[in-house]
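Let's take a walk through this one together. Have a look at the fold, then read on.

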Amino acid sequence: SWLRPANDPAANAWLWMDLDRMAKAAGVPEATTRLYLDAVEGANPGQWPLGGQTRVNLRNAHLNYALTWFALAFGLVVIYVLFHLRREPPREAQRAAHH
């Protein structure tokens with residue numbers, strides 16, 4: 001997209017993942033994988049990669065989000081109804097206010 005900044009392979013500055021160009025800049029014939037793996041803890045004792053380092057803890061707040069948006073929608077409906085149910089002032093009061 002036009003908002004994405006350009007990578008600079010000459011400076012080895014990669015601002016977004018372009019595996020084919022990264023492989024070419026690294027001298028690898030082609031991008032060999034599009035998968036990322038994490039070593040299992042204890043799989044390579046005393047060796048690298050050191051397993052069990054990746055921590056993924058995604059918060060599940062979907063109920064809070066749903067309640068917030070439904071409350072906002074309800075408030076908007078109430079404002080809409082109140083706006084359309086308000087009474088017009090009598091014509092005589094409108095004429096008197098303009099004079």
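## From a helix outwards

A good place to start is Val77, which sits in helix 2, the stretch covering residues 62-85. Keep in mind that we're looking at a predicted model. Is Val77 buried, exposed or partly exposed? Its relative accessibility comes out at 49%, and since exposed means over 50% and buried means under 20%, Val77 falls in between, so Val77 counts as partly exposed.

Val77 also has company: together with Tyr80, Val81 and Leu85, Val77 makes a nonpolar surface patch of about 420 Å².

Now zoom out to the whole protein chain. Which elements do we find there? The chain has three helices and zero strands, and reading along the sequence gives you the pattern α-α-α. How much of the chain is buried? Just 8% of its 99 residues count that way. The exposed surface of the protein chain adds up to about 9800 Å², with carbon and sulfur atoms supplying 62% of it.

Contacts tell their own story. Take those between residues at least 6 apart in sequence: 0% of them join residues at least 24 apart.

Finally, let's drop in on Ala10, found in the segment before helix 1, which spans 19-25. Ala10 has a relative accessible area of 79%, and the cut-off for exposed is over 50%, so Ala10 is exposed. How far is Ala10 from Ala25 in space? The two are 15 residues apart in sequence, and their C-alpha atoms are 8.0 Å apart.

Note on methods: Residues numbered from 1 in each chain as written. Predicted model: local features only at pLDDT ≥ 70, side-chain atom pairs only at ≥ 80, totals over all residues. Heavy atoms only, no water. Helix = DSSP H or I, 4+ residues; strand = E, 2+ residues; numbered from the N terminus. Buried < 20%, exposed > 50% of the residue type's maximum accessible area, 1.4 Å probe, protein only. Contact = heavy atoms within 4.5 Å. Areas by Shrake-Rupley, 256 points an atom, 1.4 Å probe, with all protein chains shown as cover. Patch = residues over 30% accessible without salt bridge, like charges linked within 9 Å, V, L, I, M, F, W, Y side chains within 5 Å. Salt bridge = Lys/Arg side-chain N within 4 Å of Asp/Glu carboxyl O.
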